[in-house]
Each structure stands twice: as structure tokens, then as C-alpha cells.
Amino acid sequence: MDNKSIAGILYETADLMEIDGADSFRIRSYRNAAEAIEAHPQQISDLIGNDKQLLAISGIGKGMLQNLKEMLGEGRLKLHAELLTKYRPSMLQLLKVQGLGPKTIALIWSAYQVSDLEGVESLAREGKIRILPRMGEKHETKLLKAIEDYRRIAGRFLIDVAEKQAEKIADHLRHYPGVEKATPAGSLRRGRETVGDLDILVTGPACCDDTERQKLIDHIIKLPGLMEIIARGENKISFRMRGDMQVDVRLLAPDSFGSAMQYFTGSKAHNVAL
DNA sequence: GGGCCGTACTG
DNA sequence: CAGTACG
DNA sequence: GCCC
């Protein structure tokens, strides 16, 4: 279990504790610990057993150390698992909606036993949110807008995040002999605020014949952080990176690189218009 | 043992 | 004023 | 929960 997943469980536990109405300072401690672990240069899993070094991390105390030992030892955190049983996992998604906090989610759950995005949206449309205590009409319309906003950016990544990821991948590609260019296309190249997935175009001698392309693809899949290969063809490979970003890499002969760049930069509507 | 951010917004 | 969310 |  790497630091990121440890931190993830801690963050999620904090969210669930919040829904559970736990002490807010204790909740903050979980988030602080998650942040500290995320930022820690060494893998926590390598330090396990070395209590002194773990305790030296600001934000990790006696209790959190126990939690870490439990996670690394048993692969799970009991508190986290129990809270997930007690509440609905969909509530964690709800928490991401602007203006929806744990108290409101708990309120909606107690009144309607609804805990998912679609359900809450329906309630809001039917005017069933405004009749709840402390919820007014404004709150309701604001909530509907927030759900809309959430849907718009869900499963997408802010451009700076996508940019860093793309640069790492492009570097990995350019490092390979016979690759001349590796350039992100798609919405990232268009400079959109958010990016759904990465489209990276590659060209050079290594893209020119079947054997070379196979070898290049073999090199691509060694990319650090690559979690799952979704599809592997002759000229294109799709995979998912750690963090869930999906990437398409297309290998192109140099003489079709320009038109491909045009096409894969899009947008779709722009291509249709052309 | 006791503090842990301050503030705007909403009902 | 109290509860809640957020920079 | 952590830290002072």
C-alpha cells in the first residue's frame, strides 16, 4: 500500500466521520495526517516498525501510528470499514457537491433515505428539499446548480493536473530512440479548463514499420504509474494511469502527423465544421 | 489539560 | 443567534 | 486525533 492509498483511506474516513457527527477536531487530525503522509518523501510502508521515525512526522501521533499499523498490517482500517457499512458509499460522492456538507447529507438521509446524486437531484426538482428544516428555496436552486456543476467536471481533471501528467508521459516517449515528437492533443492542447482524457500523438522513425511500432509500444507500457492497459492495437494504445486518468497514445507516420494533430486536437464540432 | 481559524451566508 | 460551508 |  503506497502513501497515496493510505492517505486516501484517511481522507475518506474523515469524510465518513463527518457524516457520523464525530468531533470535528478529531476529524481534522485524520485529514492532517493524510496530508502529511501524502507529502512524505519516503514510503510509510517502508518505515513501519520504526515508530520513532513515524512519530517524528508532524501530524502523526500515538493513535495515528496505530491506525497506520492496522492499515499496513491488515490491509484495512476497521473504523473506515465500519463507517462504510453504516453509511452509503454514494454519500462520499455527495460530499463533493459544493454546498452539500455532511450535516445536510445526514439530514436528507434521515428524511428520505436518499443518499445518491440522482436521488438528491430528484428531491430538489420536486421541491422536497426546501421543506426540510434550515433548507429554503434558495438553498434548493443553489443545490441544483451545484449538482449541474459537479456533473460537468466529474471524471475530468483540471488542466494543470493533466498537463503535468502529459508532460511525464511525453518525456517517457521522447526518451525512446526513434521518437521525434510526442505532443498532447485534445482538449489539453485546446487549453480547456478541464480535460477528460489525454490524447498523445507520437511520430518518428520508430512509428514507421510494424516491428518498430511493437517495440515502441512495449516501451510505452513500462511507463511508471501505468495501472491498466485498456486496449492495445498496432497504432494506438489506451491505458489508465494511477489517479484514474485515461490516456490514448497514437503512433503516426511523420507525413500524417500534421493532419492527425489537427484532427485529434478537435474539437469534434470543429472537425465537423471543417 | 486544553486549544485546535476566521468569517460570510442562510434560515 | 445557531448551524454550516469555505477561503 | 495532534500538539504544546
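Me: Before we get to T265, what counts as a helix here?
Reply: Helices are DSSP runs of H or I with at least four residues, strands are E runs of at least two, and both are numbered from the N terminus. By that rule T265 is found in helix 14 (residues 254-265).

Me: What sort of model is this, and how is it numbered?
Reply: This is a predicted model, where local features need pLDDT of at least 70, side-chain atom pairs count only at pLDDT 80 or more, and totals for chains, interfaces and linings use all residues. Residues are numbered from 1 along each chain as its sequence is written, chains are lettered from A and ligands numbered from 1 in the order in which they are written, and side-chain values use heavy atoms, with hydrogens and water left out.

Me: Back to T265, buried or exposed?
Reply: T265 is buried, with a relative accessible area of 9%. Buried is under 20% relative accessible area, exposed is over 50%, and partly exposed is in between (1.4 Å probe, protein chains only).

Me: And what is T265 in contact with?
Reply: Leaving aside neighbours within four places in sequence, T265 is in contact with A185, G186, R189, R190 and A260. Contact means heavy atoms within 4.5 Å.

Me: Switching to helix 8, which residues are buried there?
Reply: In helix 8 (residues 102-112), P102, T104, I105, L107 and I108 are buried. Their cover includes helix 1, helix 7 (90-94) and helix 9 (117-125).

Me: What about Y112, where does that lie?
Reply: Y112 lies in helix 8 and is partly exposed, with a relative accessible area of 23%. Not counting residues up to four places away in sequence, Y112 touches L123, K128, I131 and L132.

Me: OK, pockets. How much space lies in the largest pocket?
Reply: About 1,000 Å³. On a 1 Å grid over the protein atoms alone, a pocket is an open set of points where a 1.4 Å probe fits, with protein on both sides within 12 Å along at least five of seven lines, and lining residues have an atom within 4 Å of a point. Points are joined across faces, edges and corners, and the volume is the space filled by probe spheres set on them.

Me: Which residues lie nearest its centre?
Reply: The largest pocket is lined by 23 residues, and K96, G155, R156, F157 and G243 lie nearest its centre.

Me: Why does the largest pocket lie between the domains?
Reply: Because domain 1 (3-152) and domain 2 (157-273) both give residues to its lining. The domain bounds come from an automatic or database domain assignment.
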